[in-house]
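The exercises below introduce one structure step by step, each with a task and a worked solution. Keep the sequence and the structure at hand while reading.

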Amino acid sequence: FLLDDDATATIACTQPRRIATKTLAERVSRERAKPLGQEVGYAVSREQAVTRGETRCTFLTVGLLLQSLIFERRKPRPAAAADGQAGGQGDERALGLNLPYSHIVVDEAHERSCDMDLLLLLLRRIMHEQADREAAEAEAEEAALAAATTVAAIGGPAAMHADGSAGAPADAASEGA
């Protein structure tokens, strides 16, 4: 089970109906011998039993997760998160969005509905965007390493500037003055 394998995991598990969402959250909470709303909780339309910072597994309706994803995709990302730096609670864990989930489990996906189809399409797009972003970051790291290796191999200067010009290391420049 994901909660036992990773102490930092935060899981969203979708259910197509509100009653199933609440009932399943109550059952899992009871099986884990924890009060509902602490480690395991639920969120349906205007009702929720979750504790911010403590609930690690949230059962929610498909429509509620879909709304969250659409809303988060419309929000501008902070500059630090866009640069790939840490921007809050692990943007990488949250599928590139500012969501509090590291894992999303889509249960009952065979029960087709417009909301379910939209959710699956949106999750697929997010996964492709994340893979593209990771590939671009890997290519940039590879290029930087190749440039540094080439400069070291030809015995070039220890410092390369962003404009392509070369310069002496800061220590050597200050010693000559």
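**Exercise 1.** Find the bridge partner of Gln15 in strand 4, and then work out how the strands are arranged in the open sheet.

*Solution.* In strand 4, Gln15 has Thr61 as its bridge partner, where helices (H or I, at least four residues) and strands (E, at least two) are DSSP runs numbered from the N terminus. The model is a predicted one, in which local features need pLDDT of at least 70 and side-chain atom pairs count only at pLDDT 80 or more, while totals for chains, interfaces and linings use all residues. Residues are numbered from 1 along each chain as its sequence is written, and side-chain values use heavy atoms, with hydrogens and water left out.

The next step is to look at the strands themselves: strand 1 (residues 11-15) and strand 4 run parallel and are joined by five bridges, and two strands count as paired if DSSP finds at least two bridges between them. Strand 4 (residues 57-61) is also joined to strand 2 by four bridges, again in parallel. The open sheet has five strands in the order 3-2-4-1-5, with mixed pairing, and its edge strands, strand 3 and strand 5 (103-106), each pair on one side only.

**Exercise 2.** Describe the surroundings of strand 2: which residues point which way, and are they buried or exposed?

*Solution.* Start with the side chains: Val40, Tyr42 and Val44 point one way from strand 2 (residues 40-44), whereas Gly41 and Ala43 point the other way, and all are buried, that is, under 20% relative accessible area, with exposed meaning over 50% and partly exposed in between (1.4 Å probe, protein chains only).

Then follow Ala43 to its neighbours, which are Leu60 in strand 4 and Gln48 in strand 3. Strand 3 (residues 47-49) runs antiparallel to strand 2, with three bridges between them. These two strands form a hairpin with two residues between them, and Ser45 in the turn has a positive phi of about 30 degrees.

**Exercise 3.** Compare the salt bridges of Arg27 and of Glu39, stating for each partner whether it is buried, partly exposed or exposed.

*Solution.* A salt bridge is a side-chain nitrogen of Lys or Arg within 4 Å of a carboxyl oxygen of Asp or Glu, and the whole structure holds six of them. Arg27 forms one with Glu31, the closest N and O atoms being 2.9 Å apart; both lie in helix 2 (residues 18-31), four residues apart, about one turn of the helix. Arg27 counts as partly exposed because its relative accessibility is 41%, while Glu31, at 55%, is exposed.

Glu39 pairs with Arg32, with 2.7 Å between the closest N and O atoms. Here Glu39 is buried because its relative accessible area is 13%, whereas Arg32, at 22%, is partly exposed.

**Exercise 4.** Which residues of the largest nonpolar core touch the most other members?

*Solution.* A nonpolar core is a set of buried Ala, Val, Leu, Ile, Met, Phe, Trp, Tyr and Cys residues joined through side-chain atoms within 4.5 Å. Of the 15 residues in the largest one, Leu60, Leu65, Leu69, Tyr101, Leu119 and Leu122 touch the most other members. Helix 3 (62-74) and helix 5 (114-153) are the elements that give two or more residues to this core. A second, separate core has 13 residues, including Leu3, Leu24, Ala25 and Ala49.
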